[in-house]
Amino acid sequence: MNPFPPEAVAEIAAHMNGDHAEDNLLIVRALGGIPQATAARMSSLDAEAMEFAAVVDGIEVPVRVPFSERLTERRQVRAETVRMHREARAALGIDV
(Lines give C-alpha, C1' and ligand atoms only; values in the text may rest on other atoms or scores of the structure.)
Protein backbone atom coordinates (compact mmCIF):
# COMPACT_ATOMS: atom_id res chain seq x y z
CA MET A 1 0.00 0.00 0.00
CA ASN A 2 1.27 3.46 -0.92
CA PRO A 3 1.38 5.71 2.19
CA PHE A 4 1.47 8.81 -0.01
CA PRO A 5 -1.86 10.13 -1.31
CA PRO A 6 -1.98 11.42 -4.90
CA GLU A 7 -1.99 15.06 -3.72
CA ALA A 8 1.25 14.53 -1.78
CA VAL A 9 2.89 12.78 -4.74
CA ALA A 10 1.85 15.65 -7.02
CA GLU A 11 3.27 18.25 -4.60
CA ILE A 12 6.56 16.38 -4.22
CA ALA A 13 6.87 15.92 -7.98
CA ALA A 14 6.13 19.60 -8.62
CA HIS A 15 8.85 20.57 -6.14
CA MET A 16 11.40 18.12 -7.53
CA ASN A 17 10.70 19.07 -11.14
CA GLY A 18 10.52 22.80 -10.45
CA ASP A 19 13.43 23.20 -8.05
CA HIS A 20 15.59 20.11 -8.58
CA ALA A 21 15.48 19.17 -12.28
CA GLU A 22 19.27 18.84 -12.42
CA ASP A 23 19.24 16.66 -9.30
CA ASN A 24 16.62 14.39 -10.92
CA LEU A 25 18.98 13.90 -13.85
CA LEU A 26 21.95 13.06 -11.62
CA ILE A 27 19.88 10.49 -9.71
CA VAL A 28 18.65 8.86 -12.92
CA ARG A 29 22.14 8.77 -14.45
CA ALA A 30 23.90 7.36 -11.40
CA LEU A 31 21.30 5.38 -9.45
CA GLY A 32 18.82 4.61 -12.19
CA GLY A 33 21.42 3.07 -14.45
CA ILE A 34 20.73 5.44 -17.35
CA PRO A 35 24.00 7.39 -17.76
CA GLN A 36 23.01 8.53 -21.25
CA ALA A 37 19.87 10.36 -20.03
CA THR A 38 19.71 14.00 -21.12
CA ALA A 39 16.71 15.00 -18.97
CA ALA A 40 14.61 13.52 -16.19
CA ARG A 41 11.45 14.48 -14.39
CA MET A 42 10.00 12.83 -11.33
CA SER A 43 6.75 11.15 -12.33
CA SER A 44 5.68 9.33 -9.16
CA LEU A 45 6.74 7.70 -5.92
CA ASP A 46 5.55 5.09 -3.50
CA ALA A 47 6.89 3.58 -0.29
CA GLU A 48 9.61 1.67 -2.15
CA ALA A 49 10.94 3.99 -4.86
CA MET A 50 10.90 7.24 -6.76
CA GLU A 51 9.93 7.04 -10.43
CA PHE A 52 11.19 9.24 -13.22
CA ALA A 53 10.55 9.81 -16.90
CA ALA A 54 14.02 10.08 -18.43
CA VAL A 55 14.86 11.21 -21.93
CA VAL A 56 17.28 8.96 -23.81
CA ASP A 57 17.97 9.63 -27.49
CA GLY A 58 14.87 11.82 -27.61
CA ILE A 59 12.61 9.10 -26.23
CA GLU A 60 11.05 9.18 -22.76
CA VAL A 61 11.70 6.00 -20.76
CA PRO A 62 10.50 5.07 -17.26
CA VAL A 63 13.12 4.71 -14.53
CA ARG A 64 12.44 3.42 -11.03
CA VAL A 65 15.06 4.23 -8.38
CA PRO A 66 14.57 2.29 -5.12
CA PHE A 67 14.82 3.94 -1.73
CA SER A 68 17.27 2.53 0.80
CA GLU A 69 14.33 1.53 3.02
CA ARG A 70 10.56 1.43 2.90
CA LEU A 71 9.16 4.89 3.58
CA THR A 72 6.06 5.35 5.70
CA GLU A 73 5.90 9.12 6.25
CA ARG A 74 6.18 12.13 3.98
CA ARG A 75 9.03 13.66 6.03
CA GLN A 76 11.17 10.66 5.11
CA VAL A 77 10.98 11.54 1.40
CA ARG A 78 13.17 14.62 1.80
CA ALA A 79 15.86 12.78 3.77
CA GLU A 80 15.88 9.91 1.29
CA THR A 81 16.04 12.27 -1.68
CA VAL A 82 19.01 14.09 -0.14
CA ARG A 83 20.72 10.73 0.41
CA MET A 84 20.05 9.71 -3.19
CA HIS A 85 21.40 13.03 -4.48
CA ARG A 86 24.60 12.72 -2.43
CA GLU A 87 25.09 9.11 -3.50
CA ALA A 88 24.53 10.06 -7.16
CA ARG A 89 27.04 12.92 -6.99
CA ALA A 90 29.61 10.64 -5.38
CA ALA A 91 29.04 7.91 -7.97
CA LEU A 92 29.48 10.44 -10.78
CA GLY A 93 32.61 11.93 -9.22
CA ILE A 94 30.99 15.30 -8.53
CA ASP A 95 32.12 17.07 -5.35
CA VAL A 96 29.40 16.96 -2.73
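**Notebook: H3 and its pocket**

I started just past helix H3, where Gly93 follows with a positive phi near 75°. Helices here are DSSP runs of H or I with at least four residues, strands are runs of E with at least two, and both are numbered from the N terminus.

Before going on, I noted that this is a predicted model, where local features need pLDDT of at least 70, side-chain atom pairs count only at pLDDT 80 or more, and totals for chains, interfaces and linings use all residues. Residues are numbered from 1 along each chain as its sequence is written, and side-chain values use heavy atoms, leaving out hydrogens and water.

**H3 itself**

I checked the length of H3: its 18 residues should span 26 Å at 1.5 Å a residue, and the end C-alpha atoms are 26 Å apart, which agrees. The expected span is 1.5 Å times one less than the number of residues.

Next I listed the buried residues of H3, which are Gln76, Val77, Glu80, Thr81, Met84, His85, Ala88 and Arg89. Buried means under 20% relative accessible area, exposed over 50%, and partly exposed in between, with a 1.4 Å probe and protein chains only. Their cover includes H1, H2, S1, S2 and S3.

**His85**

I looked closer at His85 in H3 (residues 74-91). His85 counts as buried because its relative accessibility is 19%. Leaving aside residues up to four places away in sequence, His85 touches Asp23, Leu26 and Ile27; contact means heavy atoms within 4.5 Å. The side chains of His85 and Asp23 also share a polar contact of 3.1 Å. That term takes a pair of N or O atoms within 3.5 Å; within protein, one must be able to donate a hydrogen and the other to accept it, and residues adjacent in sequence count only if both atoms are side-chain atoms.

On the partner side, Asp23, Leu26 and Ile27 are among the buried residues of H2 (residues 21-30).

**The largest pocket**

I then found His85 and Asp23 in the lining of the largest pocket, along with others including His15, Arg78 and Arg86. A pocket is an open set of points on a 1 Å grid over the protein atoms alone, with protein on both sides within 12 Å along at least five of seven lines; lining residues have an atom within 4 Å of a point. H3 gives the largest share of the lining, seven residues.

**Asp57**

Last, I went to the loop between S2 (49-56) and S3 (59-66), where Asp57 sits. Asp57 is not a glycine, yet its phi is positive, about 55°. Asp57 is exposed, at 72% relative accessible area.

Key:
1 Å grid on protein atoms, 1.4 Å probe; cavity = no way out; pocket = protein on both sides within 12 Å on 5 of 7 lines; lining within 4 Å.
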